[in-house]
Amino acid sequence: MSFTDKRPLGWLLQQFQLKPGKPDIFSGLRSLLILCVPIGVGIITGHAATSAIATMAAWFVGMVNVEGTYRQKAIAMSAATISITVVFFIASLVSSHLWLAIPATFLVIFIAGLASLYGNVAASVGLVTSIMFVIALAKFASFSNLSTLIQQCALCLAGGIWTTVLSSLLWVVRPDAPVKQVVAKCYDSLSKFVDLARERALNPQDLQEWTQQFLQAQDIVIQDLTFARSVWTAMWTRQKGANLRGNYLLVLIEDVNQILNSVVALSELLAIASTDQLYSQLQREIEQAIEQLVIAVQMLSQGIVKEKNLVQLGDLDRTIEALEHQWQVIRAQLLNQTINLQTDEYAELLNLKKITASLANLAQQIHTDAEIIADFKQGKQRPISQRNISPPTQSENSTIIDTLRNNFTFDSVLFRHALRLALVTTVAELLASVLQLPRGYWITLTALVALKPNFGGTSETTVQRVIGTILGGIIGIGVILLVKNQLAMSATGYAYALCFLLLVFTAMSVRSLSYSIFTILLTPAIILLLNLISAGDWKIGILRIVDSLVGGVLALLGSYLLFPRWERQQLPVQLEKTIRANLAYFQQVIANYLHPERGAFNDSINMLRHQAALENANATAAAQRLFSEPRHVQGEIEPVITLMVYIRSFFSSVTTLAEHMREFSGEYQFTELNRLTDTIIQVLENLADALQQKQPPQKLPALDNYLETIHGQIQQLHTVRLSEIATNPNSLTTPTLQAVREQTPLSIELERIVNEIKVIHCVIARMQD
């Protein structure tokens, strides 16, 4: 959860920061290969301008944002190829008549905008289709005769087919490669999440900044995990069942979820223990163990995709042994002073034991995953429990007509966006046509790409695109002047082509890391392409900069004036859903504590945990959009930040309880546990109702009274256990020891949950007032 820096310079610099990760060199090379063929054919045959149609089609189809199985990629690219060819045909028919071109623009953009109702892939297809229509309408399309039109449409179709075929070559050769890639990505993001837990062990100075980074990393892992499950489902549910490799990959996916939960619980334990005096005596060993966990998870990520990569875990094992040894040393030192040993010191010792055991369990889990990866590569059969190979549940999909019918209303955000997009794009097209602006279609393209469903997204994209276009335009002008001054006219075209391909390669490689830098590199590439197609000079760069500024202004005005739905109005609905999801998760976990004889409800807990995590991420995204909106519609921001932090803290506390449940026998129960948890449930239900009804919540009950009783009981248990140690220092297993180990973490987390509930209640009461 990364909240935007509101200082102008800080906010501006944020737009040009690179996301964590490496450049996608493969994507850059693929783009080079996609474009080299039509450009090369055009230059060799002397029809560079004509081949630009195939080049554009090939490029746009290649830019369809598809991650998943090869079959999914092929379907999406085929749909994009057909759509691009169809809109090229329509643009050719209407381009010569303004009275036809304007309504055609509205209809095409509106229909393409509605594609976002069917997911991100369909939205990506709709975007490239819209871009091709605008460019074709202004640059290529002209209905002079039927044969020419057929030829141009055939070029468009050929460009799309070329990209689709090229991108699908590995489908048969390596059918499970997409699943392996997304699973490896899960472990890669998981390693970054574990590394932040290591920073928590070091007691970071800026705890608020660390918390934001930790929650943001957690959201990334959850998103990658959700996507990996969907890709696995698309790969194997079409068959009668997953094969051996499919089962192994599914186990690795689900183990990401288990490690994630364990690290959340570990971070919670570190937060509790870091204030203890004993913690400093074990801090170095804890930090080293987590550091080796990070390295081990990174090796798992590499081992999944690299056939010959071996996962070596010797260093991890040695750090865990050193950690356990040091804990034994601390324990012996304390127990040798049983006369002076206080219950608080004993509680601190138990916290360190819990952390040590948690790290040892994580190491064992990583060992298991390393063995699975080794067997996966060698094709060995290994026993896998049925629970681990149960395929992810699939949600029931509505039909295309049902989805369209349900969203064909102003209550639908995506319907409003499609209508807004069509209106703004049509106005931009009309403005460029009536004023006869040279290359005025760039105004339309900028407005088309910059306009997003929310104002925050529109303003961010506009700033990135406009500033990127200005810098890129300057680069393009410089390249044109340099090439013309240094090379003969006959070599200019080849130099343009070489520079164009180099810029495209670099732009596509960094596309996933920074949209701003992608735009900076893409702008001179487009300028060079236009100079390659037809005669032009450095003034093209000036026109592109000016047109981008105008298009950006149109996008901002459209987003602000046309059917805006500000996030402040929608945020209470999302917060209500988030609280109810976390409440359901808490209820299921507590039900297991109150009724352990019924057995563990692992499947239900996993499902409810995942749902709560998704709603937490959705609420965080909604808050982020709120901070990007104009100040006069934001309202007070600080309560929203506080609420999000404490809802996430509540989720972490419940996850810690869920992880601790594995050690809970239920033979000893707190007398007030039932009443305390019932009261917490009632408070959360009332808070959700208050958000739904837009009313202040009821007065907070006296939760501390229940906690005092529980604290008294845990204190009594510690006292009895210390008496046992004083009488018989070698007593290793007693009912009291078992009760102490089970109930101490439970009492600590209940206290943290009560404190989190108090803050959440206070913040919601403040927001409702």
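Trp210 and Phe214 are both buried. Buried means under 20% relative accessible area, exposed means over 50%, and partly exposed lies in between (1.4 Å probe, protein chains only). The model is predicted: local features need pLDDT of at least 70, side-chain atom pairs count only at pLDDT 80 or more, and totals for chains, interfaces and linings use all residues. Residues are numbered from 1 along each chain as its sequence is written, and side-chain values use heavy atoms, with hydrogens and water left out.

## Aromatic rings

Trp210 and Phe214 share helix α10, residues 207-236. They sit four residues apart, about one turn of the helix. Helices here are DSSP runs of H or I with at least four residues, strands are runs of E with at least two, and both are numbered from the N terminus.

A pair of aromatic rings is described by the distance of the centres and the angle of the planes. Rings of Phe, Tyr and Trp (its six-membered ring) pair if their centres lie within 6.5 Å; planes under 30 degrees apart count as stacked, over 60 as edge-to-face and the rest as tilted. The whole structure holds 13 aromatic pairs. In one of them, the ring centres of Trp210 and Phe214 are 4.8 Å apart and the planes meet at 20°, so this pair is stacked.

Elsewhere, Phe106, Phe110, Phe408 and Phe415 make up one aromatic cluster.

Charges can also sit over rings. The test is that NZ of Lys or CZ of Arg is within 6 Å of the ring centre and within 35 degrees of the ring normal. Arg200 lies over the face of Trp210, 5.6 Å from the ring centre. Lys353 places its charged end over the ring of Trp327, at 4.7 Å from the centre.

## Salt bridges

Side chains of opposite charge can pair when their charged atoms come close. A salt bridge is a side-chain nitrogen of Lys or Arg within 4 Å of a carboxyl oxygen of Asp or Glu. The search of the whole structure finds 17 salt bridges. The table lists some of them.

| Basic residue | Acidic residue | Closest N and O atoms |
|---|---|---|
| Arg198 | Asp195 | 2.8 Å |
| Arg609 | Glu659 | 3.9 Å |
| Arg662 | Glu659 | 3.3 Å |

Arg609 lies in helix α23 (residues 602-627) and Glu659 in helix α25 (residues 638-660), so their salt bridge ties together parts that are 50 residues apart in sequence. Both Arg609 and Glu659 are buried. Glu659 has a relative accessibility of 12%. Its other partner in the table, Arg662, is exposed at 56%.

Salt bridges with shared partners also join Asp195, Arg198 and Glu287 into one network. Within this network, Arg198 and Asp195 both lie in helix α9 (residues 177-201), three residues apart, about one turn of the helix. Arg198 is buried, with a relative accessible area of 18%. Asp195 is partly exposed, at 24%.

## Two buried contact points

Contact means heavy atoms within 4.5 Å. Which residues does Asp369 touch, not counting residues up to four places away in sequence? They are Tyr187, Leu252, Asp255, Ile259 and Leu300. Asp369 belongs to helix α14, residues 343-378. Its relative accessible area is 0%, so Asp369 is buried.

Ile131 is in helix α6, residues 120-140. Ile131 is buried too, with a relative accessible area of 15%. Leaving aside neighbours within four places in sequence, Ile131 contacts Phe60, Leu445, Leu448 and Val449. Ile131 and Leu445 are 314 residues apart along the chain, yet their C-alpha atoms are separated by 6.6 Å.

## The surface

Patches are made of residues with over 30% relative accessible area and no salt bridge; like charges are joined within 9 Å, nonpolar side chains (Val, Leu, Ile, Met, Phe, Trp, Tyr) within 5 Å. One nonpolar surface patch covers about 670 Å². Its members include Leu98, Leu431, Leu437, Ile542 and Val550. Helices α16 (413-434) and α21 (539-561) each supply at least two of the patch residues. Leu431 lies in α16. At 31% relative accessibility, Leu431 counts as partly exposed.

## The whole chain

The chain has 28 helices and zero strands. Of its 769 residues, 54% count as buried. Among contacts between residues at least 6 apart in sequence, 84% join residues at least 24 apart. The chain exposes about 34300 Å², and carbon and sulfur atoms supply 58% of that area. Accessible areas come from the Shrake-Rupley method with a 1.4 Å probe; for residues, only the protein chains shown count as cover.
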